[in-house]
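Work through the three exercises below with the model open. Try each task before reading its solution.

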Amino acid sequence: MDSMDQSTGEVACPGELHDDLDSKDDTLEGKIDMLNGKDDMLDEESRKATMAQEDPAFYSDAAAYWDNIPATVNGMLGGFAHINVADISGSDAFLRSVFKMKNPPGHERAVDCGAGIGRITKHLLQKHFGKVDLVEQCQNFIDRAKENFKGSRKIGRCLCQGLQHFSPEPDTYDVVWCQWVLGHLTDADLEDFFRRMARGVKSNGVIIIKENVSSSGTVELDEKDSSVTRPESLLLDIIERAELRILKNTKQSNFPKGLYEVKILCLRPKTCV
């Protein structure tokens, strides 16, 4: 059967047909090469992220970075202060839904992990809890938080400490809130952190995490602030290894295009109902 070019109604001669097939082969090979190249880039990115986490400087470099960031809302949000309202609104809606669950957490005490200057405590946590503790490794941020909350009866302890070292007393918190900070922990330290927080919550307490997730399927390294962005699959794997179960898993909405996808998860130890 002759090959018909349906766009012109003309019959293609054998030579033209052969050239067309060669062209398609070249295009296919080009796409394969491009995909292989992309896979190589992702493998390299993952390798760099793994090596960075194995370097002791992973933590000291992050501390040095944040020591030079202004103690402002814009500083806390990496220059994206305009997303503050949408962020708090999404978190508030999520937290309210958590309080409506079966066997919900109480309202007595929460801890803001990676609290910075207390942005989340101020606009969210102090509205829902009687006391809020702040944990932050940057002394400048903790000092600003103390100034911001001076005289407030809602604020408990302000600890200047990295999360890799934070270990609360058992059965202390109704809610452990972690946002945009877990990428500063290595995979191993994140699992250990989850286990310590599991011991630190009450029997009906929960751990809430709000983090960027990568869409590439691999761990992405930010050399500037010495942090990683994990794909959701890895985050869920670490949660599983830490023997936590997921009660809720939602996506933050109303953020500008071009930003990482942000997931909000509510976790509880598997040993608790």
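Helices (H or I, at least four residues) and strands (E, at least two) are DSSP runs, numbered from the N terminus. This is a predicted model: local features need pLDDT of at least 70, side-chain atom pairs count only at pLDDT 80 or more, and totals for chains, interfaces and linings use all residues. Residues are numbered from 1 along each chain as its sequence is written, and side-chain values use heavy atoms, with hydrogens and water left out.

**Exercise 1.** Place Asn84 and decide: buried or exposed?

Step 1. Find the element: Asn84 sits in helix H4.
Step 2. Apply the cut-offs: buried is under 20% relative accessible area, exposed over 50%, partly exposed in between (1.4 Å probe, protein chains only).
Step 3. Asn84 has 13% relative accessibility, so it counts as buried.
Step 4. List its contacts (heavy atoms within 4.5 Å). Leaving aside neighbours within four places in sequence, Asn84 meets Val73, Leu77, Arg119 and His123.

**Exercise 2.** Explain why helix H5 is largely enclosed.

Step 1. H5 spans residues 119–128, and 7 of its 10 residues are buried, so the rest of the structure largely encloses it.
Step 2. Name the buried residues: Arg119, Ile120, Thr121, Leu124, Leu125, Gln126 and His128.
Step 3. Find the cover. It includes helices H3 (73–76) and H4 (84–99), along with strands E3, E4 (131–136), E5 (155–160) and E6.

**Exercise 3.** Which element gives the largest share of the largest nonpolar core?

Step 1. Define the core: buried Ala, Val, Leu, Ile, Met, Phe, Trp, Tyr and Cys residues joined through side-chain atoms within 4.5 Å.
Step 2. The largest has 34 residues; Leu163, Phe166 and Val176 are among those with the most contacts inside it.
Step 3. H7 gives the largest share, 5 residues.
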